[in-house]
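Hi everyone, thanks for making time. I'd like to walk you through a structure that's new to most of you, so let's put it on the screen and go from there.

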Amino acid sequence: MAATSATTFPIGSSASASLKFGQITQSKAFSINFSSNNYLRSFSGPKAANSVTCESQSSFLGSENIKALKHSYSTKAQKHNQRSYNYVQPQASYKVAVLGAAGGIGQPLALLIKMSPLVSALNLYDIANVKGVAADLSHCNTPSEVADFTGASELANCLKGVNVVVIPAGVPRKPGMTRDDLFNINANIVRTLVEAVADNCPDAFIHIISNPVNSTVPIAAEVLKQKGVYDPKKLFGVTSLDVVRANTFVAQKKNTKLIDVDVPVVGGHAGITILPLLSKTKPAVAFTDEEVQELTVRIQNAGTEVVEAKAGAGSATLSMAYAAARFVESSLRALDGDSDVYECSYVQSDLTELPFFASRIKIGRNGVEAVISSELEGLTEYEQKALEALKPELKASIEKGFAFVQKQPVTA
């Protein structure tokens, strides 16, 4: 992909190695050239350069976030120069666990997480076939160490000391299957995995991908409550895919530069509970009533679009992995001290009368720092009606999740 802009920061003399990693927010990717040492040379391969270069491309990071990262690495470079060092080393210091790592989402998600310089250890768990995935990923010359864990007997060890737990485990949708059809199977899977998280890494950020998210996040919350370790600031339903799709479809429809498009998506993560706020699109775009209707329906049904296109061979795995990796990277940057991290996510919320609601949030070192309420102000008539229409369905899904755990209490 062609870079749209580049910023270079001097580091000092000597040959250097190039560290390239795709970040994911809806905006800008970059490559970073660090002065060479054995650690980075093994990671990136040799390349002559004397600078850190951040090239804007399509990536995990948004435009605001990449500015902060550029400043961070520039500051670190200056400090190293003051101590007469001629290299900058990425601070790979966080441990991430992917539960369901051998699945259709888990494998590409693990690969994308392996590319992050903020990850020092990547623990992969599944009930089978995870050893091969871990062996394969371990050959990638990026800093994080990969470990595999198979079956319930190894789950606790997988979670020890983990900072971020990502849960894509579960069965995928098939043609004709709704997210609600997945409930009985995936509800039990999420319940079991979150119990283990509560017992082994209760302070970790928990990212729930397993569908139906509208119900599995409340299930996770109830399990954590019964275990006495519930922190609503650290439980996230990953709805980034709805944002990724909204940004993509709007850019295609209006022939705008995708890297600049940002559409907030609120509500939930299934059907009509997915509400893209097209009136809040940045940069501002004018839509006809027909375009609003068409784009809203397409964003809401995009998962079905993929299921049908794969004709029984799976659901949205690659785009989901991309979107989830974006959210993981944002969480890691927040944990690392970035004070300007914003994402849309399905969290405990007081924006509406519903206990859980997806909206834009600010993420910090302790999890959710703020729920952004301004985007629910000044909605169009279409959006206001859609918001009221989604509430009964979302409420029913939340209550279904609560009831599931209440019928099968966990052991504290």
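Let me start with a question: is F327 buried or exposed? Have a look while I say that this is a predicted model. Okay: F327 counts as buried, because its relative accessibility is 0% and anything under 20% goes in that class.

Now, who does F327 sit with? F327 makes an aromatic pair with F236. The two ring centres are 5.4 Å apart, with 65° between the planes, so this one is edge-to-face. F236 is in strand β11, while F327 belongs to helix α11, residues 318-335, so this pair ties together parts that are 91 residues apart in sequence. F236 is buried as well, with a relative accessible area of 0%.

F236 has another ring partner, and that's F205. Here the pair is tilted: 5.5 Å centre to centre and 50° between the planes. F205 lies in strand β10, residues 205-208, and F236 in strand β11, residues 235-237, so here the parts tied together are 31 residues apart in sequence. And F205? At 1% relative accessibility, F205 counts as buried too.

Put those together and you get a cluster, with ring pairs linking F205, F236 and F327. If you're wondering about the whole structure, it holds five aromatic pairs.

Rings also turn up with charged partners here. R298 lies over the face of F249, at 3.7 Å from the ring centre. Then there's K400, which lies over the face of F183, with 4.6 Å to the ring centre.

Keep K400 in mind, because it's back in a helix contact. Which helices am I talking about? That would be α7, residues 213-227, and α12, residues 381-407, whose axes come within 8 Å and cross at roughly 35°. The crossing of α7 and α12 is right-handed.

So what touches what? On the α7 side you've got N214, S215, P218, I219, E222, V223 and Q226. From α12, the residues in the contact include L394, I398, K400, F402 and F404. And how does the contact of α7 with α12 break down by class? There are eight nonpolar, six polar and two charged residues.

That's my tour, so over to you for questions.

Definitions and conventions. Residues numbered from 1 in each chain as written. Predicted model: local features only at pLDDT ≥ 70, side-chain atom pairs only at ≥ 80, totals over all residues. Heavy atoms only, no water. Phe/Tyr/Trp six-rings, centres within 6.5 Å; stacked < 30°, edge-to-face > 60°. Helix = DSSP H or I, 4+ residues; strand = E, 2+ residues; numbered from the N terminus. Buried < 20%, exposed > 50% of the residue type's maximum accessible area, 1.4 Å probe, protein only. Lys NZ or Arg CZ within 6 Å of the ring centre and 35° of its normal. Axes fitted to C-alpha atoms, helices over the stretch in contact; angles between N-to-C directions. Left-handed = near helix turned anticlockwise from the far one by under 90°. Contact = heavy atoms within 4.5 Å. Nonpolar A, V, L, I, M, F, W, Y, C, P; charged D, E, K, R; others polar.
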